[in-house]
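The following report treats a multichain assembly, whose sequence and structure are shown first.

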Amino acid sequence: MMDSGFDRRDFLKVLGWGGAAVALSGCGNTSVEDGKETVVSYSEPADYVIPSIGVYYNSTCAQCDAGCSINGRVREGRVLKLEGNPNSTVNRGKMCGLGQAGVQHHYNPDRVREPLLRTGNQGQTISWEDAYKLIAEKTQGVSGDQIAFLSGGVSGHLKVLLGNYLDSLSCKNHFVYEAIAPGVARAANKKSYGVAMPRFSINKAKVVLSFGADFLGSWVSPVHFSQQYAQFRKGVDGQRGVLVQVEPKMTLTGANADRWVAIRPGTEGVLALGIINALGTATGDIAAAVKAYDRDRVSEETGVPAGQIDKIAAMLKLHSPSLVLAGSAAEGYEHGSQNAAAINLLNHVLGNVGKTVEMTEDMPFPQMSPETGNTAALTSLNNGLAASKYKVLFNFAANPVFTASGAMNFKENMAKADFKVAFAHYLDETALQADLVLPLDSPLEDWGTQVPEYLATCAQINIQQPLMEKLHANTRGMGDILLSMLKQRQPDDYNGYEDYYGYLRSAVLSVKDALGGASVDDETFWNRTLSGGIIKFEGSVNKLSANASAAGLKLPSHSEAGGDYPLRLIPGVTASMRDGRHANQPWLQESPDPLTTIVWDSWVEIHPKKAAELSIAEGDIVEVTSKTGSIKAQAYLFPGIHPEAISVPLGRGHEAMGRYAKGYGVNPFQILDAVFDKETGELAMHETRVKISKTGQRVIVVKDEGAAGGQQMGKKIAVRVSSDDVDLSEEV
Amino acid sequence: MEKDIREDIAWAKINGDVLKSLENPRKLYWVIIALALAAFGVGVACEVYQYNTGMGVANLDNPHVWGLYIATFIFWIGMSHSGTLLSAILHLMHADWRKPIYRFAEAMTTFSLMTAGLFVLVHIGRLWQFYYSLPYPNERGIWPNFQSPLLWDAMAIFTYLSSSVIFLYVGMIPDLAICRDHLHPGWRKKLYTLLSLGWEGTDRQWRNFRVTYLTVACFLIPLAVSVHSIVASDFAMSQQPGWHVTSFAPYFVAGALYSGCAAIITLFIILRYVFKFEEYMTLPILKKTVRLTFAIAMVWTYLNAIEFASVWYGHDVASKDVLIQKMVGPYAYAWWGMIFCGSIVPLVLAFKRFQTNIPVLLVISLLLNLGMWLERWMIVSPTFSHGYYPWTWDHDQWPSWVQWGMVFGSFGWFTLLFMIFCKVFPSVSMYEVKEMVYHRSLHSKKGDTAEQGAH
Amino acid sequence: MSVTNLLDDWAKFRHPHPVDDKPHDPYKWAMAIDLDACSGCNACSVACYAENNIPVVGKDKFLHGQSMHWMRIERYWDEDGRDFPDQGVQFLPMMCQQCEAAPCETVCPVAATNHTSDGLNSQIYNRCIGSRYCSANCPFKVRYFNWYDYPTTDDVWPAEMTQQLNPDVSVRGKGVMEKCTFCVQRLHEAKVVAKGEGRIVREGEVQTACQQVCPTNAISFGNLMDPDAKVHQQWQAQQVELDKDKQAKDENEGGSELRGYRILEELRPYPSVMYLERVRESAI
Amino acid sequence: MHRIFHLSVFLIGLFSAATVYAADASQSAPMTPDSQWPLVEQPIEFPHNRHAKDMQIDCMYCHTYARRSAVAGIPPLQKCIGCHQSIESVRESPRIKTLFEYWEGSEDGKIAAKTPMPWKKVHDLPDFVRFNHERHIKRFIEQQNRPTQEVCGYCHGDVAELTVARRSKALSMGWCASCHEKEHPVTAAGGTPIGDQAYWYGFYKSEADAAGGDLKAHGPNDCWQCHK
């Protein structure tokens, strides 16, 4: 496909001809014209570059951590569109909307283009050399434990380099923070299965019982699960899989369930134990533990009809194997770990462990395997900052000022560090607080390796490579930045590497044999790797612990929400907005939320009954107040939510981050109470209690749904049929 | 019964009275002209803004892609029909009471057509590519789509416009000669000299004149009918609920004549007052017109009823939904307004005492026209806001000031043309009034030998 | 130019669609969308924006119903008056149905939208004069009009983003109608390759953007004339026939185990998109 | 009354006469004949005649992409240099000097090394027209093996006679269609046109019926062939 990355970079040059001018037809010339447009050709074209014909390069999607391999279409040196890489075991040539929007991350007009140094409230551009010097001297005087490095999930060689850099500073304070991550589930899984992220085979299950795991929308590896879901629906030998979703607020997955069960927020664990009880197959301490949870009590606590519980139990009994998933909706409580444990226990009782909950393969190179984290990390950093423990703070791929709970006052605490460096693509809320902002290359113009946390089948390393030349001359890849900072500290170790690409190449080739390249020479292996975009290899298998026990399992009996804050706030995680890091990508802003069809704004989901009680109508601007703070947003009457809860989607409400994000919607992170899961110390996102009041204003909700409001008016448009009336085995 | 016109008016007096209307205008005239200009200016401004910014400023949307432009277009087309009715149809019927009033009616026809034409243009998204829709030898080597009712529209309207201009002109020739002979030198005299084509009033000229006039009249009538039937087919030929109605063609024609007659009454009254034409535009003639209007109003109401009934008892659920929506939906007020103005108000005309009561008639005629305008709007919009596909039913889709501005402007434009016409050309046909007087006098003398006298 | 030509043509004008004795040959592009697989994730819609240079109109214009999404995901609730939609919701991807007897085609005054030989409903931007009659007559309301001049509107395509525009697809200026084209630029590319090799396009050689991205493979697209094409087999299995307005399924009430149907078939536009009914478990 | 009769007879006669005339009028293509369009200022006055006529170099030796892509492509600098390095005879001629300035960079440093030449586009169709060179090359040169210069000449005129290329054909839609509709009748088995409505909007009577109608319906005259 190409001779070598080095040379290829020349061919990534944008070719003026066939560029925007031609693309903008209709407002370009509209009659035959001579001598108006200039036509330019490469002075030394590669033989595989043919004008007007797309060239495809494999790389890795960086929109989330799922690690989908992408295949970028490049024409005249401009990357036009991303497709899935068919050879990837994660996404098998498919993608999600979020991933599609990756090009808008790359071409975004609001990217930072120069290193910026804060002087008062002004950012003034400085050269990279000065920036490096500045960092060097700021890190000189201080001891290692006065330096903190905050980052999102990191993996691959970037993680290695970062580690080395921090070591060179003898700094141990690397905080890995993801605002939305299954932190509690990881811990619970580790307990009950022995691994943080076992492999869930939805496609092998006949019944999937999901406690608020939005695996079609935003949970762990949505594209991968969506494909499994499709197979699961087609079913093995024509027996169609059945999906039961238990959650207080309908997610995309809930919307696709055969039965969506609206449960009282926080009582998921109780229902799980109730089902175990109803199954009656449990023995030993488990049987003892669940004895108390008879159907009536459970029904009374969870608000799920007793008949429904029996039906679910019966269904689970009838069809094996099944699969039970514990998702964010179940974890977001003080007793989140307990909920998760109870739900995982159900998997053990049903004997799914080993069948649909399977072991994974571990990276043979632990130093490269993903470093994950959740809100607990931020909490400890925040405490440190509050205690003025840190003098220098680095921030990379995280936006805590936007995503931290309002109760943390992160912004104020951050100010206590005297030198704050942000490696950023945009001037987001956190970057604005930094003293030094270093502009990063977009993932489509940078080199890198990535290891997905959730490994679909075998162990693999994803390659990230430039799909086109840099858009802005003065941005740098994170890898290159770390490398040059390491060169300052340990010249003799790192001067050997011309740049991050060089480092990457030699690093990969050094373990070529382990990566299954023993038979071929370096050049061939490297080119194969680049054109393939993925390195798959045998990892070390780690067994699941099959021991099930209800030891230490105790669930609080449901506490009546009441007093000043009668409602629960459920922060909605949507597939396109997530934690808001992509809110500045217009395609995502304008692609309607699947369930409400609302665009460009936030909304408050409230059950029509509750709304009637409070005489709230669609479009009313309501004020949602928690102990921590309050936000104002438009109300949307939404039948798919428990009457005791309201939901506001996360991700919007930016005060910075450019024209497409700034000023659209509100940010519910700001009003989350600082309540934590007792065991893991992760933020209990669903524990916030709120009250809701009308402000008197009303707006027209900007949504795709028409005046008929999602009714078909007796027309045969979207038709549903009962499973008895079809024979899927006959179908193609 | 009292007479349509006095038989003993001296011909010289007729000339005098009519020509007086061409004399230097009074202040009021200039005021009206100024207002009309201002209104038209508003319309132009809106169009310029829309042309530069895009149709979006009219606050149309997907799928609600048509709005007031189309509605008002139909309104003006409809307006044009009565002129033809009075001048051509009644001419063939030898209903000679039309003679004093047909001239301005015919002028009205021409000008409302010219106004309607504007709406075709402002409605189009790419005005600058308008010529694509004309079938002519072009370097692209392709025809337009002869299947599209819109194309028939364009053709029908152009034909109709050109022939009504001819009709209006031909009918004026003898009068233009009179003007030529009576006016003192000046640009007008030159103009009349040019236009009157050396009319001397010789026997031969009169014979040819009558033949031509009659022929053009014959030619015009089918046109008039076809034009509005074709406008109707813009809707009837589509598949949309509320449009896909077989009775649309007659319904539209009736509506057209209706609004036209109403407009005639309005202008009748105004001209009668402004130019002191009491002698010629007499109450009996007004009464006849009013009765005619009443009859047409009833026909229109009847056709309406038919349409509703056929939808109501038919099996087309979608159309039924649309009908119900018209009655109770967001457009209910407009729809009921149309029923009131179109079917209830005209009942007043049934009473003798109102048939000659000028103030009342003025108000009524205006109401009727409002009703007819609403009718056109109610044909266009509800189908969009409540079509086949529920997902796309629109929320409150209200025309923006740009649309209203252009509708407003169109009235300015029409008034402007009409006022100018009235000053430049005799708005009452002198020679025909003379004929009328002559025949009436014969009639009163030798009883029913009048018929031969006519020829 | 001769009128005779016009007159003959006129005589044969508007060949009725579709007809058994004159099958589409060799191509008839068609689609099948499995609503049981579709999860409503919107990936197809975004992919369509990326492939077809669709402008992002922004909040205000979206409010005025001037959005341009060629492919929209509709979401329908149950209408049985229960408190909770406990059987989930109904998602429906809706795009131009590429009707065989398309209501939009007959009414366009300038023939800017007309039928291609491989059964597509073409839309020619540079010919369009913006009468919007096509949209007025479209039963599905899947045609989108350029209410503003998006290429020159602020923040629609800032300088950087113009580089992402697909050169194979014209960017539409103000005043023209547009709609889903079944990614005709991709079809054309595949045909050129196939023609070069003197064969016809084979199954799997061409995908529409929405089909390619769909994480649940709910969308299948291909040549209905090609027995190897999945879409052909699906239509056959569901006994849905292009030139019928009443399918086998509709004949016997409820009895049939078929899921395939076409929307608003009774209006006889003969859509080229077959939907497969969503299945819901009755036992739970 | 008889006058009316006479008159109407006369009018009808006139009308029908006009119709008959129009109906039998010849199908003259409404397009401009070949003519020389104005010359375009280029960085150097490239002598096509020297290369194509005197040297007999095949068009596609330089415009190399024509046979495998939609666009013919401007020859990359590399290609020019490739030959001209070894042609000492003209090495010092001003045009070649400029050429090398673009390759090696000019002394005054105004032009960086390996700067592509800013050629002006001569046959520049409207942006919404998508002409595909590959298809035409395949059809005329590879299938019907006609001489290259003739085939390219259909649209580009006799370039071999020119220095700087210059448009001599109308390149209007009617001009393209006159070929497409005449040469590619769109019919299905049975000779009846299917689908492709665009066919009916054309001015030109295609020889579909003459061709026995056994041609297949992937007609290059549906609008989407060129407008997308």
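## Helix packing in chain B

In this predicted model, helix α5 (residues 149-182) of chain B and helix α6 (residues 187-195) of chain B have axes that come within 8 Å and cross at roughly 145°. Helices (H or I, at least four residues) and strands (E, at least two) are DSSP runs numbered from the N terminus; axes are lines fitted to C-alpha atoms, for helices over the stretch in contact, with angles from 0 to 180 degrees between N-to-C directions. The crossing of α5(B) and α6(B) is left-handed, a term for a near helix turned anticlockwise from the far one by less than a right angle, clockwise being right-handed. Leu176(B), Cys179(B) and Arg180(B) of α5(B) make the contact with Lys189(B), Tyr192(B), Thr193(B) and Leu195(B) of α6(B). Two residues are in contact if their C-beta atoms, placed from the backbone, lie within 7 Å. The contact of α5(B) with α6(B) comprises 4 nonpolar, 1 polar and 2 charged residues. Here Ala, Val, Leu, Ile, Met, Phe, Trp, Tyr, Cys and Pro count as nonpolar, Asp, Glu, Lys and Arg as charged, and the others, Gly among them, as polar.

Residues are numbered from 1 along each chain as its sequence is written, while chains are lettered from A and ligands numbered from 1 in the order in which they are written. Local features need pLDDT of at least 70 and side-chain atom pairs count only at pLDDT 80 or more, whereas totals for chains, interfaces and linings use all residues.

## Interfaces and domains of chain A

The class composition of three contacting sides is tabulated below.

| Side | Nonpolar | Polar | Charged |
|---|---|---|---|
| Chain D, touching chain A | 18 residues | 4 residues | 8 residues |
| Chain A, touching chain C | 42 residues | 20 residues | 22 residues |
| Domain 1 of chain A, touching domain 2 of chain A | 11 residues | 10 residues | 4 residues |

Chain A and chain C meet through 84 residues of chain A and 75 residues of chain C. Helix α8 (residues 222-234) of chain A gives the largest share of the chain A side, 6 residues. Strand β29 (residues 720-722) of chain A runs parallel to strand β11 (residues 278-280) of chain C, joined by 3 bridges; strands pair if DSSP finds at least two bridges between them. Within this pair, Ser722(A) is opposite Arg280(C).

Chain D places 30 residues in contact with 25 residues of chain A. Strand β1 (residues 38-39) of chain A pairs with β1(D) in the antiparallel sense over 2 bridges, and Val39(A) has Trp119(D) as its bridge partner.

Chain A itself is divided into domain 1 (183-355) and domain 2 (567-698), with bounds from an automatic or database domain assignment. Their centres, taken over C-alpha atoms, are separated by 26 Å, and 25 residues of domain 1 contact 26 residues of domain 2.

## Sheet and buried loop residue in chain C

In chain C, 4 strands form an open sheet of mixed pairing, in the order β8-β1-β10-β9. Because β8 (219-223) and β9 (260-261) of chain C stand at the edges with a single partner strand each, one side of each lacks a neighbour in the sheet.

Gln87(C) lies in the loop between β2 (72-76) and β3 (90-94) of chain C. Is Gln87(C) buried or exposed? Gln87(C) is buried, because 20 other C-beta atoms lie within 10 Å; the cut-offs are 20 or more for buried, 12 or fewer for exposed, and partly exposed in between. Not counting residues up to four places away in sequence, Gln87(C) touches Asp258(A), Arg259(A), Asp78(C) and Arg280(C).
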